[in-house]
Amino acid sequence: MAKVRSVDRVAAALDELGLGGRVRELPDSTRTAAEAGAALGCEVGQIVKSLVFRVPTTDEAVLVLASGSSRVDVGRLAEVVGAPVEQGSGAFVRERTGFAIGGVAPVGLVAPVRTYVERGVLGWSLVWAAAGSPRTVFDATPEELLAATGAAVVDVAEV
Ligand code: 5CA
């Protein structure tokens with residue numbers, strides 16, 4: 001497969017989804033939800049974290065799109081998945097998504113990954129997600145994000 005820059009992969013995926021032109025490159029780091037919120041001047045809850053987990057028994061990857069103000073409870077996620085889960089290593093994240101940590105996007109992955117949306121994301125009219133690098137983001141409504149990813153909404157935040 002030809003090597004395509006990860007930000008270009010995300011932009012192409014968004015174009016195909018009818019969400020073209022949404023990517024914004026920022027002068028400041030958006031590597032973490034807190035940094036992205038500060039760089040965009042929005043609430044940290046509006047930042048969508050794209051968190052990659054691994055199912056040790058099957059080596060499957062699971063992507064959780066979580067509100068920046070939520071923490072994913074791995075016990076609750078394991079119940080949804082039906083098997084124990086652990087946080088994916090940096091190498092695992094890169095292999096399964098084609099993105100480095102800090103720039104993992106919900107679309108434009110190198111291969112399909114089972115994806116869930118944490119319910120807290122639905123509490124905002126507009127959210128921002130990473131677009132393939134630690135300085136790029138794109139905006140979407142939660143409904144657009146759900147349609148783009150085909151993800152189910154799940155209650156996996158720590159309470
Ligand atoms: N660009 C922002 C959102 S716009 C972003 O990517 N945020 S994030 O939350 O999706 O990515 C940071 C996350 O990467 C952290 O919450 C953490 O779960 C994960 N992470 C950070 N360092 C490591 C590491 N060494 N190994 C595995 N996961 C890590």
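Helices (H or I, at least four residues) and strands (E, at least two) are DSSP runs, numbered from the N terminus. The model here is predicted, so local features need pLDDT of at least 70 and side-chain atom pairs pLDDT 80 or more, while totals for chains, interfaces and linings use all residues. Residues are numbered from 1 along each chain as its sequence is written, and side-chain values use heavy atoms, leaving out hydrogens and water.

**Exercise 1.** Find which strand gives the most to the lining of the largest pocket.

Solution. Start with the pocket: on a 1 Å grid over the protein atoms alone, it is an open set of points where a 1.4 Å probe fits, with protein on both sides within 12 Å along at least five of seven lines; lining residues have an atom within 4 Å of a point. Next, take the lining: 27 residues, with K49, S50, L51, Q87 and I101 nearest the centre. Then check the elements: α2 (33-40), β2 and β6 (127-130) each supply at least two lining residues. Finally, β2 comes out on top, with seven.

**Exercise 2.** Work out which strand supplies the largest share of the shell around the ligand.

Solution. Look at the 14 residues around the ligand (a heavy atom within 4 Å of it). T30, S50, Q87, G88 and G102 come nearest. Strand β2 (residues 47-55) wins here, with five residues of the shell.

**Exercise 3.** Track down polar contacts (pairs of N or O atoms within 3.5 Å) of the ligand.

Solution. Try Q87 to begin with: a polar side-chain atom of Q87 is 2.6 Å from a ligand oxygen. Move on to G102, where a backbone N or O atom sits 2.9 Å from a ligand nitrogen. Then there's S50, with a polar backbone atom 3.1 Å from a ligand oxygen.

Technical notes
Polar contact = N/O pair within 3.5 Å; in protein donor to acceptor, adjacent residues only side chain to side chain.
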